[in-house]
Amino acid sequence: MTSVQGKVVLITGAGRGIGAEVARRLHNRGAKLMLTDVGDGELKTIAAELGGDHRVLTAVADVCDLAAMQAAADLAIEKFGGIDVVVANAGIASYGSVLNVDPKAFKRVLEVNLLGVFHTVRAALPSIIERRGYVLVVSSLAAFAAAPGMAAYDMTKAGNEHLANALRLEVAHLGVSVGSAHMSWIDTALVRDTKGDLPAFGELLAKLPWPLSKTTSVTKCATALVKGIEGRKSQVYCPDWVVLFRWLKPVLASRIAERVVAKAAAEAVPKMDAQVAELGRYMSAYSHGLEKPPPS
């Protein structure tokens with residue numbers, strides 16, 4: 001197990017949820033933190049909670065903007081001397097089937113979840129290589145199993161896994177370790193907002209067999225991620241049973257398994273699309289609000 005005492009960690013999506021909880025735990029272990037998010041208020045809150053001390057830097061930055069992420073990485077290097085760990089955590093989801101989702105919302109998910117991870121890693125990688133550090137790409141159980149109504153999210157999380165796998169091969173000889181994190185439903189605002197906005201989503205989730213129907217606490221998820229960081233693990237799973245789905249991918253993509261899911265989707269997807277149309281937006285209220293320019 002590697003101590004994070006004195007290590008410099010850059011975390012995206014650090015204003016709330018998993019990113020914020022990982023930041024708390026690493027700070028308690030003596031790490032120095034560069035926290036980024038698109039929400040200034042959330043970053044100020046977590047920075048104040050952590051004491052606003054000399055071990056915490058924050059930067060409002062959109063992961064879709066490579067220059068902004070480079071500026072955040074450069075700030076951490078200037079302040080702390082380098083970056084030892086990067087946690088590419090920022091992610092969003094869209095609402096609606098492939099047929100009915102707003103193409104702009106679909107594209108935004110790809111930009112944040114996939115290109116945003118690339119931008120995050122690219123900005124920090126030279127310093128990570130210099131310090132023989134660790135990269136953790138936050139993927140999902142969705143990398144192993146497709147779900148109706150979640151095409152954009154599924155695409156990006158599968159892409160995240162492959163990005164991590166390719167990068168691991170590229171930098172192993174340089175002493176850099178790369179991991180991907182795969183979680184089932186975590187009790188984050190993203191999951192809660194989706195259940196609240198789309199009752200049909202919650203109904204579909206409730207019909208899934210145990211343990212797929214259960215959500216896991218943010219605390220437990222952050223514990224797993226921090227353990228993965230300390231152990232420089234190639235894969236992190238939360239809950240532990242998610243690893244089974246990695247090996248069951250061929251079964252999940254079989255005709256028999258797809259028939260079972262398609263039967264449930266035939267009822268759930270039209271309901272979800274109708275509820276999305278009624279909402280008048282294709283993301284959570286929080287994510288939707290971030291897409292609008294601030295009032296002048």
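The buried residues of helix α1 are covered by elements that include β1 (8–11), β2, α2, β3, β6 and α8 (218–231). The model is predicted. Helix α1 spans residues 17–28. Its 12 residues reach 17 Å from first C-alpha to last, close to the 16 Å expected at 1.5 Å a residue. The helix is mostly covered, with 9 of its 12 residues buried. These are Ile18, Gly19, Ala20, Glu21, Val22, Ala23, Arg25, Leu26 and His27. After α1 comes Gly30, which has a positive phi, near 95°.

Two of the buried residues in α1, Glu21 and Arg25, carry charged partners. Glu21, Arg24, Arg25 and Glu49 are linked in a network of salt bridges.

The sheet comes next. It is open and is formed by 7 strands. Their order is β3-β2-β1-β4-β5-β6-β7, and the pairing is parallel. Strands β3 (56–60) and β7 (235–238) stand at the edges. Each has a single partner strand, so one side of each is left without a neighbour in the sheet. On average, neighbouring strands are turned by 15° against each other, direction ignored.

At the β3 edge, the partner is β2 (residues 32–37). The two strands pair in the parallel sense over 5 bridges. Within this pairing, Asp37 stands opposite Val60 in β3. Helix α2 (residues 40–49) lies across β2 and β3. Its direction makes about 175° with that of β3.

Helix α5 (residues 151–171) also packs on the sheet. It touches β5 (134–138), β6 (177–183) and β7. The direction of α5 makes about 160° with that of β6. This helix has 21 residues and reaches 30 Å from its first C-alpha to its last, close to the 30 Å expected at 1.5 Å a residue. Its buried residues include Ala152, Tyr153, Asp154, Thr156, Lys157 and Asn160. Glu161, Ala164, Asn165, Leu167, Arg168 and Val171 are buried in α5 as well. The buried residues of α5 pack against β5, β6 and β7, and also against α4, α9 (242–247) and α10 (249–252).

One residue of helix α3 was examined in detail. Phe80 is found in this helix, which covers residues 66–80. Phe80 has a relative accessible area of 12%, under the 20% cut-off, and therefore counts as buried. Leaving aside residues up to four places away in sequence, Phe80 touches Val8, Lys32, Leu33, His54, Arg55, Val56, Leu57 and Arg131. Thr36 lies 44 residues from Phe80 along the chain, and their C-alpha atoms are separated by 16 Å.

Charged pairs were then considered. Side chains of opposite charge can pair when their charged atoms come close. The model holds 15 salt bridges. One of them joins Glu111 and Lys107, with the closest N and O atoms 4.0 Å apart. Both residues lie in helix α4 (residues 103–130). They are 4 residues apart, about one turn of the helix. An α-helix has 3.6 residues a turn, so residues three or four places apart point the same way. Glu111 is partly exposed, at 23% relative accessibility. Lys107 is exposed, at 52%.

A second salt bridge joins Arg192 and Asp187, with the closest N and O atoms 3.3 Å apart. Arg192 is partly exposed, with a relative accessible area of 45%. Asp187 is also partly exposed, with 33%.

Glu203 and Lys271 form a further salt bridge, and their closest N and O atoms are 3.7 Å apart. Glu203 lies in helix α7 (residues 199–207) and Lys271 in helix α11 (residues 255–279), so the pair ties together parts that are 68 residues apart in sequence. Glu203 is partly exposed at 40% relative accessibility, and Lys271 is partly exposed at 36%.

A database record adds an annotation. In an unreviewed entry, UniProt lists residues 7–188 as "domain: Ketoreductase". Over these residues the chain is 47% helix and 17% strand. The end C-alpha atoms of this stretch are 27 Å apart.

Notes. Residues numbered from 1 in each chain as written. Predicted model: local features only at pLDDT ≥ 70, side-chain atom pairs only at ≥ 80, totals over all residues. Heavy atoms only, no water. UniProt positions renumbered as here; feature names shortened; annotations may be inferred. Salt bridge = Lys/Arg side-chain N within 4 Å of Asp/Glu carboxyl O. Buried < 20%, exposed > 50% of the residue type's maximum accessible area, 1.4 Å probe, protein only. Pairing = 2+ DSSP bridges. Axes fitted to C-alpha atoms, helices over the stretch in contact; angles between N-to-C directions. Contact = heavy atoms within 4.5 Å. Expected span 1.5 Å × (residues − 1).
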